[in-house]
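Work through these exercises with the structure open beside you. Each task is followed by a solution in steps.

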Amino acid sequence: MREGSAPNFCPPTEEGITLVFEDESGDRTELEFLGLILYNDRSYGFFFPVTEDEPVGSSGEVVLLEVTELDEDGQPSAFEIVEDEAVAAEVYEDFRTATKDLYDFSA
């Protein structure tokens with residue numbers, strides 16, 4: 001299991017966990033879970049898109065979603081896109097700092 005270098009980072013319990021999200025129009029997207037950042041009493045999930053054409057991480061794109069619901073075990077069960085660009089930038093910077101030894105953000 002990967003470990004981050006910040007107390008506000010919760011890594012996945014195992015590598016390779018993917019979730020499938022469906023939008024309002026029924027389009028499905030598969031994302032690999034990279035971990036959560038806790039920021040101002042909220043949780044934000046980070047993901048890599050997964051497609052048949054691009055393996056995990058090959059696009060260089062990271063998706064940020066806010067946790068909006070927890071299940072009975074306290075685990076994230078619903079997410080929404082982060083609309084506030086300032087919050088997204090701050091949370092992403094925290095993620096970069098927490099995972100600097102795990103991912104290369106120089107590209």
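**Exercise 1.** Where is Asn40 found?

The model used here is a predicted one. Asn40 sits in the loop between β3 and β4. Now examine its backbone. Phi of Asn40 is near 50 degrees, a positive value in a residue other than glycine. Compare that with the usual case. Most residues other than glycine have a negative phi. Next, check the surface. The cut-off for exposed is over 50% relative accessible area. Asn40 has a relative accessible area of 61%, so Asn40 is exposed. Last, take a distance. Asn40 and Val87 are 47 residues apart in sequence, yet their C-alpha atoms are 9.8 Å apart in space.

**Exercise 2.** Decide whether Asp41 is buried or exposed.

Start with its place. Asp41 is in the loop between β3 and β4. Phi of Asp41 is near 65 degrees, a positive value in a residue other than glycine. Then apply the cut-off. Exposed means over 50% relative accessible area. For Asp41 the relative accessible area is 87%, so Asp41 is exposed.

**Exercise 3.** List the elements of the protein from the N terminus on.

Count by type. The protein has one helix and six strands. Then put them in order. The elements run β-β-β-β-β-β-α from the N terminus on. Now turn to the whole chain. Of its 107 residues, 33% count as buried. Consider the contacts with a separation of 6 or more. Residues 24 or more positions apart account for 36% of them.

**Exercise 4.** Test the length of helix α1 against the expected span.

Find the helix. Helix α1 covers residues 85–98, which is 14 residues. Use a rise of 1.5 Å a residue. The span is 1.5 Å times one less than the number of residues. That gives an expected 20 Å for α1. The end C-alpha atoms of α1 are 20 Å apart, which agrees.

Look at the start of the helix too. There, a side-chain oxygen of Asp84 reaches to within 2.9 Å of the backbone nitrogen of Ala86.

**Exercise 5.** Which residues of α1 are buried, and what covers them?

Name the residues. Ala88, Val91, Phe95 and Ala98 are buried in α1. They cover an arc of only 90 degrees around the axis, which puts them on the same side of α1. Then find the cover. It includes β1 (9–10), β3 (28–39), β4 (42–50) and β5 (63–70).

**Exercise 6.** Decide whether Glu66 is buried or exposed.

Locate it. Glu66 lies in strand β5. Apply the limit. Buried means under 20% relative accessible area. Glu66 has a relative accessible area of 16%, so Glu66 is buried. Now list its neighbours. Not counting residues up to four places away in sequence, Glu66 touches Arg42, Ser43, Tyr44, Ala78, Phe79, Glu80 and Val82.

**Exercise 7.** Which residues lie nearest the centre of the largest pocket?

Begin with the volume. The largest pocket holds about 360 Å³ of space. Then read its lining. The lining has 15 residues, and Phe21, Asp23, Leu65, Phe79 and Ile81 lie nearest the centre. Finally, match the lining to strands. β2 (18–22), β3, β5 and β6 (76–81) each supply at least two residues.

Notes: Residues numbered from 1 in each chain as written. Predicted model: local features only at pLDDT ≥ 70, side-chain atom pairs only at ≥ 80, totals over all residues. Heavy atoms only, no water. Helix = DSSP H or I, 4+ residues; strand = E, 2+ residues; numbered from the N terminus. Buried < 20%, exposed > 50% of the residue type's maximum accessible area, 1.4 Å probe, protein only. Arc of directions from axis to C-beta. Contact = heavy atoms within 4.5 Å. Polar contact = N/O pair within 3.5 Å; in protein donor to acceptor, adjacent residues only side chain to side chain. 1 Å grid on protein atoms, 1.4 Å probe; cavity = no way out; pocket = protein on both sides within 12 Å on 5 of 7 lines; lining within 4 Å. Points joined across faces, edges and corners; volume = space filled by probe spheres on them.
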